[in-house]
Amino acid sequence: MTSKSTGPTSPDEPTPQPPAMPDVNTVTADDITESLKAGFSDFLARPVMSGFFGLFYAVFGLLFVWCLIWLGKIWMIIPAVIAFPLVAPFAAAGLYEMSRRLQRGESFGWGDILTVMANQRKREMGWMAFVTLFILWVWFYQFRAVLVIVLKDASFSDLDGFLNTVFFTPEGWTFLAIGSCVGAFLSAVLFSVTVVGMPILLDRDMDFVSAMITSVRVVRESPVVMLTWAAIIFLTMLLSFAPGFLGLIFTLPILGHTTWHLYQRAVQPAAG
């Protein structure tokens with residue numbers, strides 16, 4: 001009796017091939033300048049809708065810091081403030097969609113943008129959010145570990161006491177030096193996998209691993225320019241915190257729209 005067995009795919013049946021990775025371009029300082037101009041133009045085209053995303057982000061930041069103070073977790077304020085710029089690409093998903101539609105000359109309303117954002121939970125954006133939250137968890141964990149090891153038994157009954165210990169004592173300087181080095185590394189990793197990874201997931205049917213790889217390739221292709229863009233984002237966001245986070249109403253939307261246009265310049269259009 002001859003038994004049937006499942007063998008390899010017939011030569012007549014082509015093996016499904018994974019989608020090709022998109023080609024990336026070399027990004028220049030002019031690309032950042034032109035992207036900033038386009039991002040500012042997008043903000044002026046729909047200032048109320050763009051500002052809404054910035055306002056939401058600012059209010060969330062204020063509530064988060066207030067909760068940390070209320071819970072007595074004073075030590076978490078510094079890593080939380082530093083981490084805020086790192087999650088901006090994820091928070092800017094609605095801004096990417098606005099820029100995409102403005103580029104195409106399409107009309108849209110609140111429902112259109114919010115629906116697209118809600119639909120991202122069914123796509124790969126959720127996995128990218130998981131990666132982002134994991135890296136942020138590592139950031140908070142190492143911050144706490146260094147705090148315990150270096151500052152030991154120091155107690156922080158209020159924010160002023162914590163800031164005085166961190167910024168005006170030798171132990172605090174050591175803590176800042178170690179924490180800054182680790183934080184800079186984690187920030188570079190998170191920026192590298194999200195700067196293009198977030199907009200490309202919104203724009204194309206791509207898995208999150210390929211999106212992260214493409215994002216890293218863009219940074220590797222133009223490391224100086226892309227890290228300069230990272231520094232611009234970071235410093236702009238930190239300066240926006242000074243007026244009670246309210247600066248984010250303007251800076252977050254402009255940076256979000258700009259990131260979309262920079263992505264368009266950094267990654268070759270999809271075939272077809």
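This note goes through the overall make-up of the protein and then a nonpolar patch on its surface.

1. The structure under discussion is a predicted model, and the values quoted below should be read as computed from that model.

2. As for secondary structure, the protein contains 13 helices and 0 strands, so that a reader following the chain from the N terminus meets the order α-α-α-α-α-α-α-α-α-α-α-α-α.

3. Of the 272 residues in the protein, 45% are buried. When contacts between residues at least 6 apart in sequence are considered, 78% of them join residues that are at least 24 apart.

4. Turning to the outside, the protein exposes about 14800 Å², and 67% of this area is supplied by carbon and sulfur atoms.

5. On that surface there is a nonpolar patch formed by Val48, Phe52, Phe56, Trp110 and Leu114, and together these residues have about 530 Å² of accessible area. Two helices, H2 (47-71) and H6 (110-119), each supply at least two residues of the patch, with the largest share, 3 residues, coming from H2.

6. Is valine 48, a member of the patch, buried or exposed? Valine 48, which lies in helix H2, has a relative accessibility of 64%, and because residues with over 50% relative accessible area are classed as exposed, valine 48 counts as exposed.

Terms used
Residues numbered from 1 in each chain as written. Predicted model: local features only at pLDDT ≥ 70, side-chain atom pairs only at ≥ 80, totals over all residues. Heavy atoms only, no water. Patch = residues over 30% accessible without salt bridge, like charges linked within 9 Å, V, L, I, M, F, W, Y side chains within 5 Å. Areas by Shrake-Rupley, 256 points an atom, 1.4 Å probe, with all protein chains shown as cover. Salt bridge = Lys/Arg side-chain N within 4 Å of Asp/Glu carboxyl O. Helix = DSSP H or I, 4+ residues; strand = E, 2+ residues; numbered from the N terminus. Buried < 20%, exposed > 50% of the residue type's maximum accessible area, 1.4 Å probe, protein only. Contact = heavy atoms within 4.5 Å.
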